[in-house]
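I opened my notebook to go through this structure one look-up at a time. Here are my entries, in the order I made them.

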Amino acid sequence: MSQSLYIYNTLSRKKELFEPLSPPFTGLYVCGPTVYGDAHLGHARPAVTFDLVYRYLKHLGYKVRYVRNITDVGHLESDADEGEDKIAKKARIEQLEPMEVVQYYSDRYHEDMDKLNVLKPSIEPRASGHIIEQIEMARAIFDAGLAYEVNGSVYFDVKKYNESHHYGKLSGRAIEDMQAGSRELDGQGEKRHPADFALWKKASPQHIMRWPSPWGEGFPGWHLECSAMSAKYLGERFDIHGGGMDLLFPHHECEIAQSNAAYGQDAVRYWMHNNMITINGQKMGKSLGNFITLREFFSGSHTALDRAYDPMTIRFFILQAHYRSTLDFSNEALDAAEKGLKRLLQAYETLKHLSPAGSSDTDHSDLAGKCHTALLDDFNSPVAIAHLFDAVRVINAAKDGKTKLNKEDLHNLQQVFHTFLVDIFGLSDTFATQEDQAQQIIEGLMDLILDLREQARRNKDWETSDKLRDRLRQVNIQVKDGKEGASWEYTSDA
RNA sequence: GGUCUCGUGGCCGAGGGGCUAGGCAGAGGUCUGCAAAACCUCCUACAGCGGUUCGAAUCCGCUCGAGACCUCCA
């Protein structure tokens, strides 16, 4: 395959030709969820975005190692603070163990991701499982003279680092500009400079997540895990690091500083950031309390939702916008996405049953090329999807006999639809019909059939009535006539 | 306050100096026992004001508006 993939690199604010360090291998690291609550629509964005990146890189022939972490350290602090008194009174076994919370929400996160047809990453490391690596990295930074210890906590010396490096190069900031808005925070008094950040925090007596370290009992700083784990699994220098735009500063900025301090180089070559999902023009976020969880979307149980939405609709909705644009949620937008997706999937289905004509009216051989061109240009999925929609019209016209597609064209279209729709966009070829939904349909159908049969019996049309009963029997359904009308049940023997 | 992004037709969204995506909704038509689907046609927009240019939605400036980050956040 001769193709040039261009990726928008946040670092240079330009689209750059993607050239992996050691092809055909390539490393992709994405900041995963903090597991202390159910995933909301906002979490689906990076998951789907980088799922596309992962799938497409693989499609292009790269051997991708995709690492997406689970943050299960540190952030649980706030929860613990709130319930501190209550929890303290309970026996240890009655308390919620932090790892219980982690397990619970990790499992639910995975369920949600499976529904969205998001491929599992190659490695899904947890921060809590890499305490040693984080301590080692903090020590390396300390040894490099770019960190200092205060009362059992270790802070990154941003000011000193900034003398030899540019702290703020990713987010386009200057350290001088950052003081104005900073405010008093926990540990601020210990810091030499407001921009300094913790590599290791001393655990307060009440703090439940704690590990021994050279500086006493504590827990790793919030930015260290990604640096340590990406280095461990992808190397001190690797290709792509992704995440949401809201992580740009300070999280990713700090990662850059940590890598340079510890390893003397930028770890990441291409920084990718997905934009936010908005609701009424405002970012959907945990802190704003305006989020809708994925489970609520799937079940429709949220006051802002008119009804339930299929996971594939959510996925398609996200793919229909470019990952660097904000995406505005509304019921209307989701309705539109659902209808559009159905149209696409139906055309794919039609394609499978279409019989070839002797010749073709039009030429569609470049469809795959067009779609690739779009995706090679910074993963422009909406444009690729638009090309598929163009093909839908042709397919439907062929179905109506208004245009002709020969065997070759038909085969080509089938292939292109399968490749893009199923393999690359990860849109399953059938809507995930929930079992209860299927069950509802069956019951509706049976009501209908038994009603028709009842009519036939009243008309003494025994032929029809018996036919219905016998045919149902053939598909393992036994009709039972009773005084109150007919009922039915499944039988095991046909 | 600092840094930055964006403002596209009823809605969602691409594009990004001349060739003016796509989806959804709406209108008309074809088809059809009815309905649905499908197909065809129509609705042709780029916040405002200036400037650069033969030519700007696209570049520059200003104004207005929205948003993000600066604090946990995907």
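How much space lies in the largest cavity? I found about 60 Å³ there. I am working with a predicted model, so every entry below describes that prediction.

**Entry: the largest cavity**

I started with a count, and four cavities of 30 Å³ or more turned up. For the largest cavity I listed the lining residues: S227, S230, F238, H241, E255, I256, S259, D266, A267, V268 and W271. I then asked which elements each supply at least two residues of that lining. They are α7 (224-234), β9 (238-244), α8 (248-263) and β10 (268-274). Of the elements, α8 gives the most, with three residues. I also sorted the lining by class and got five nonpolar, four polar and two charged residues.

**Entry: more on α8**

Since α8 had come up, I stayed with this helix for two residues. P250 is found in helix α8, and the peptide bond leading to P250 from F249 is cis, with omega near 0°. A262 also lies in helix α8. Which residues does A262 touch, leaving out those up to four places away in sequence? I noted M137, A140 and I141. I also checked A262 against R126: the two are 136 residues apart in sequence, and their C-alpha atoms are 21 Å apart in space.

**Entry: the second largest cavity**

Next I moved to the second largest cavity, which has a volume of about 50 Å³. Its lining is made of R45, T49, L52, I318, L319, A321, Y323, F379 and S381. Two or more of these residues come from each of α1 (41-59) and α10 (311-319). The top contributor is α1, with three residues. By class I wrote down six nonpolar, two polar and one charged residue.

Where does this cavity lie with respect to the domains? Domain 1 (8-274) and domain 2 (278-424) both give residues to the lining of the second largest cavity, so I placed it between them.

**Entry: the domains**

That sent me to the domain layout. Chain A is divided into domain 1 (8-274), domain 2 (278-424) and domain 3 (435-490). I looked up how far apart the centres of domain 1 and domain 2 are, taken over C-alpha atoms, and the value is 33 Å. For the contact between these two domains, I noted 33 residues on the side of domain 1 and 36 residues on the side of domain 2.

**Entry: α1 against α14**

I came back to α1, this time for its packing with helix α14 (residues 407-424). At what angle do α1 and α14 pack? The angle is about 135°, and the axes are 10 Å apart. An angle over 145 degrees would have counted as roughly antiparallel and one of 65 to 115 as roughly perpendicular, so I recorded α1 as oblique to α14.

On the α1 side the residues that meet α14 are L52, R55, Y56 and H59. On the α14 side they are T419, V422, D423 and I424. The residues of this contact divide into four nonpolar, two polar and two charged. L52 is worth a second mark in my margin: this residue is part of the contact with α14, and L52 also lines the second largest cavity.

**Entry: backbone details**

Last, I went through some backbone geometry. The peptide bond from P23 to P24 is cis, with omega near 5°. Where is P24 found? I located P24 in the loop between β2 (14-17) and β3 (25-30). To keep the cis bonds together, I repeat here that the bond from F249 to P250 is cis too.

N117 caught my eye for its phi, which is near 60°, a positive value in a residue other than glycine. I found N117 in the loop between α4 (98-115) and α5 (131-143).

Technical notes. Residues are numbered from 1 along each chain as its sequence is written. Chains are lettered from A and ligands numbered from 1 in the order in which they are written. This is a predicted model: local features need pLDDT of at least 70, side-chain atom pairs count only at pLDDT 80 or more; totals for chains, interfaces and linings use all residues. Side-chain values use heavy atoms; hydrogens and water are left out. On a 1 Å grid over the protein atoms alone, a cavity is a set of points where a 1.4 Å probe fits but cannot get out, and a pocket is an open set with protein on both sides within 12 Å along at least five of seven lines; lining residues have an atom within 4 Å of a point. Grid points are joined across faces, edges and corners, and a volume is the space filled by probe spheres set on the points. Helices (H or I, at least four residues) and strands (E, at least two) are DSSP runs, numbered from the N terminus. Ala, Val, Leu, Ile, Met, Phe, Trp, Tyr, Cys and Pro count as nonpolar, Asp, Glu, Lys and Arg as charged, and the others, Gly among them, as polar. Domain bounds come from an automatic or database domain assignment. Axes are lines fitted to C-alpha atoms, for helices over the stretch in contact, and angles run from 0 to 180 degrees between N-to-C directions. Angles under 35 degrees count as roughly parallel, over 145 as roughly antiparallel, 65 to 115 as roughly perpendicular and the rest as oblique. Contact means heavy atoms within 4.5 Å.
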